[in-house]
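Visitor: Could you walk me through this structure, one question at a time?
Guide: Gladly; please look at it first, and then ask.

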Amino acid sequence: MPRLAVFWLLHAAAAAVFVAGCGLRVSVWLQGSVEGRTAPGLPAALRAAWRLVRRAGPRRALSALFVDGLLHRRLLAAGRGRWFAHACLLGGFAAMFALSLLTGFCTEVLVGLLGVHHPLVLAIVAKDTPAMALANETLGLVMLAGMALVAGRRYLVRPAQLRTAAPDTALVLLLGATLVSGYPVEALRLIAEGVPAHVGWYSYIGYALSLPLRGLAWPWPALHDAAFFFHTTVASAFFAYVPFSKFFHALVSPLVATANRLRREVEPA
Amino acid sequence: MSVSLKLGGYTARQLMELDACTRCGECVAWCPAFAERREESIHPLAKIACLKGWVERQYGLRARLFGRRGIEEAEVARFSQGLYQCTLCTRCREVCPVHIDTRPLWLAMRQHMAGMGAAPPALSALGERVMARHNIAGEDNAGRLGWAANLPQGAEGLAGRRAEMVYFVGCVASFYPQAYSIPQSLAQTLEAAGVGFAVLGGEEWCCGFPLLAAGVGSEAAALARHNVEAVRATGASTLVTACPSCYHTWQRDYPRLLGEPLGFAVRHATEVLAELVEAGRLKLRPYTVGAVREPPLRGGQPPLRLTYHDPCDLGRNSGIYEAPRRLLRAIPGVELREMEDNRELALCCGGGGDLEMADAALSAAMARRRLAQAQATGAEAIVSACQQCKRTLSAAARREGLSMRVLDITEVLWRSVAHDG
């Protein structure tokens with residue numbers, strides 16, 4: 001089966017599990033009450049949320065979302081190092097996700113379905129375009145740095161306030177495996193496709209990893225396929241696991257932080 | 001025997017909050033109860049993680065696929081114990097990076113536990129007592145004016161008259177003699193400022209906060225309805241109280257419980273008094289009474305050093321931090337010193353959330369720590385704006401044999417008001 005077909009198949013399955021998992025979570029939330037009504041249903045809950053935003057006004061709502069929901073002002077107050085690690089991980093993840101969506105859209109829809117061949121679209125689709133290669137490599141590195149800081153704090157520094165349980169470790173392992181396994185894929189691709197040094201070095205980590213291997217007469221295309229499938233499987237597993245894991249907080253906490261700050265502002269004590 | 005979990009007592013937002021918790025442990029680091037008693041069931045993270053685990057067991061993917069797993073009664077008992085070893089001080093809410101609104105969450109959990117019959121027996125009995133006697137002391141409610149007997153004008157005419165302002169005294173100040181000087185001071189100060197006010201006397205019922213805090217608040221609406229009707233009958237436009245918990249309950253819970261606006265303003269005594277001082281309706285002289293310093297302060301002596309303790313229900317839960325400080329700074333000869341933890345991050349005195357009834361030793365330990373912070377400022381007295389804080393801190397100071405005095409802000413102000421006698 002072609003590599004891309006496997007990629008999309010796995011991602012489609014993961015997306016289905018992700019959506020089902022999110023639906024499961026939301027169905028649990030909706031067993032609680034909204035404005036005094038028990039089990040109100042999703043439309044009523046959304047209407048209540050919208051009323052809160054309208055009472056607060058768009059400027060205050062956006063400010064709360066940006067400052068407390070996304071930038072996590074209180075985490076910054078708690079410690080710059082922790083905020084930095086979190087920002088690397090979450091910011092890197094969000095940017096990488098957006099970049100992947102853009103690449104996928106350009107590859108499958110604009111080029112694949114619509115036959116668009118605009119130079120900008122082709123630059124996004126091509127893996128070795130300097131900007132794309134640098135962005136992918138750097139965002140992965142940013143996330144890895146954040147991951148290393150988070151894991152170092154949890155497992156080495158071990159401040160007294162942390163409580164490490166199996167779900168924390170499962171998440172660290174799965175996310176770590178997803179991040180780390182991306183670089184060998186790139187290294188093997190550079191060798192398998194014979195990408196010249198002046199182009200390949202934009203993927204600076206993958207390129208560095210590929211250097212000691214270049215003289216070996218190994219079946220690079222097959223190794224690249226294997227590494228790609230492994231990376232895709234792990235990444236898909238992580239994606240599917242999100243709604244069932246602690247990482248789900250990345251989706252929920254911005255909503256909660258924003259809503260609770262707005263509630264305190266529009267319902268003054 | 002295992003139990004099943006019903007989620008109807010929580011709001012959808014609270015169930016979202018369980019998923020929003022990042023397990024960062026910031027609440028663990030700031031929890032004053034956990035700081036005194038290092039038991040894993042006490043801190044906020046444990047409560048959230050436990051309930052979240054139960055939700056997973058009964059409503060998660062595995063439960064949907066293979067059936068629900070029950071919750072053992074021993075787990076419920078352990079959870080409930082930790083839940084009530086909390087003063088509802090909400091310091092955890094102030095530091096939570098994702099803004100989890102812990103106070104209503106803890107209250108919903110307590111209601112849940114009480115509904116399962118897992119609340120501490122003393123708190124279940126409290127509910128029955130309040131509903132039967134209309135006060136937390138279990139006394140004859142007609143005796144609510146005991147504090148007024150020693151007023152120069154006596155209790156005569158205080159209750160039942162029509163006035164612009166109703167003073168809601170609260171159970172602690174009405175029935176615990178060590179707190180009598182708070183309503184005495186406030187009543188005389190209002191008189192001195194020429195503010196016409198009335199009290200409800202036997203028509204004042206417990207505000208219902210102790211029941212809400214205990215998780216047995218299903219009857220609180222009846223108390224609210226009675227109290228609101230009693231105030232409306234006086235024609236007052238303002239209700240004032242010196243009790244932060246009463247204040248918070250009137251201000252935040254009553255409109256929700258009754259489903260309608262009250263029709264009059266609710267204010268804490270410190271707000272009213274600060275306005276009276278700033279409007280020049282109360283003339284203040286140097287603090288001259290020897291209650292704090294012996295011999296009494298005289299001209300030329302160094303200023304009286306006071307430190308202010310923010311009551312949780314007044315500060316964090318109601319947002320009133322500056323009015324009491326403005327009042328204290330307005331008193332000539334007073335130097336206000338801040339404790340290490342103040343305002344949003346102030347330590348709790350240990351007297352909130354019905355903790356004293358659930359775990360008196362833990363409450364006392366928390367009070368000790370707060371007094372130590374007060375002592376570190378070099379202050380001669382710790383001043384609060386809450387009768388329960390005064391009661392808890394005074395008891396701890398007495399037990400520890402500390403020379404530090406514990407005063408309520410109404411007492412300090414009354415001793416500074418230029419008046420005859």
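The questions and answers below concern a predicted model.

Visitor: What is the mean pLDDT of chain B, and over which of its residues is the pLDDT below 50?
Guide: Since this is a predicted model, it is sensible to begin with the confidence of the predictor. In chain B, 95% of the residues reach a pLDDT of 70 or more, and the mean is 93. There is one stretch to treat with care, which has nine contacts in the model beyond near neighbours in sequence although its pLDDT is below 50, and this stretch covers residues 295–299.

Visitor: How many helices and how many strands are there in chain A?
Guide: Reading along the sequence of chain A, one meets the pattern α-β-β-α-α-α-α-α-α-α-α-α-α-α. The C-alpha atoms of this chain fill a box of roughly 70 × 50 × 30 Å along the principal axes, and buried residues make up 29% of its 269 residues. The count for chain A is twelve helices and two strands.

Visitor: Which element gives the most to the side of chain A that touches chain B?
Guide: The contact takes 34 residues from chain A and 33 residues from chain B. On the side of chain A, the elements that give two or more residues are helix H1 (3–29), strand E1 (33–34), helix H4 (73–78) and helix H12 (249–266). The element that gives the most, with nine residues, is H12(A).

Visitor: Why is one side of strand E4 and of strand E6 of chain B left without a neighbour in the sheet?
Guide: These strands belong to an open sheet of four strands in chain B, with parallel pairing and the order E4-E3-E5-E6. Strand E4 (197–199) and strand E6 (265–268) stand at the edges of this sheet, so the reason is that each has a single partner strand.

Visitor: In E4(B), which residue is the bridge partner of B:Met165?
Guide: Strand E3 (residues 165–168) of chain B runs parallel to E4(B), and three bridges pair them. At B:Met165, the bridge partner in E4(B) is B:Phe197.

Visitor: Which residues, leaving aside neighbours within four places in sequence, is B:Val166 in contact with?
Guide: B:Val166 is among the residues with the most contacts inside the largest nonpolar core, which has 154 residues. Leaving aside its neighbours within four places in sequence, its contacts are B:Phe197, B:Ala198, B:Leu200, B:Val231, B:Thr234, B:Ala236 and B:Leu239.

Visitor: Which residues of strand E9 of chain B point one way, and which the other way?
Guide: Strand E9 covers residues 381–384 of chain B, and all of the residues named here are buried. One of them, B:Val383, is also listed with the most contacts inside the largest nonpolar core. Following the strand, B:Ala381 and B:Val383 point one way, while the other way point B:Ile382 and B:Ser384.

Visitor: How many bridges pair E9(B) with strand E10 of chain B, and through which helix does the chain cross between them?
Guide: E9(B) has a parallel neighbour in strand E7 (residues 304–308), joined to it by three bridges, and here B:Thr307 has B:Ile382 as its bridge partner. With strand E10 (residues 405–408) the pairing is also in the parallel sense, and B:Ala381 has B:Arg405 as its bridge partner. The β-α-β crossover from E9(B) to E10(B) is right-handed. The pairing with E10(B) is over four bridges, and the helix crossed is H19 (residues 387–400).

Technical notes
Residues are numbered from 1 along each chain as its sequence is written. Chains are lettered from A and ligands numbered from 1 in the order in which they are written. This is a predicted model: local features need pLDDT of at least 70, side-chain atom pairs count only at pLDDT 80 or more; totals for chains, interfaces and linings use all residues. pLDDT is the predictor's confidence in each residue, from 0 to 100. Two residues are in contact if their C-beta atoms, placed from the backbone, lie within 7 Å. A residue is buried if 20 or more other C-beta atoms lie within 10 Å of its own, exposed if 12 or fewer, and partly exposed in between; C-beta atoms are placed from the backbone. Two strands pair if DSSP finds at least two bridges between them. A crossover is right-handed if, with the strands pointing away from the viewer, the path from the first strand over the helix to the second runs clockwise. A nonpolar core is a set of buried Ala, Val, Leu, Ile, Met, Phe, Trp, Tyr and Cys residues joined through C-beta atoms within 7 Å.
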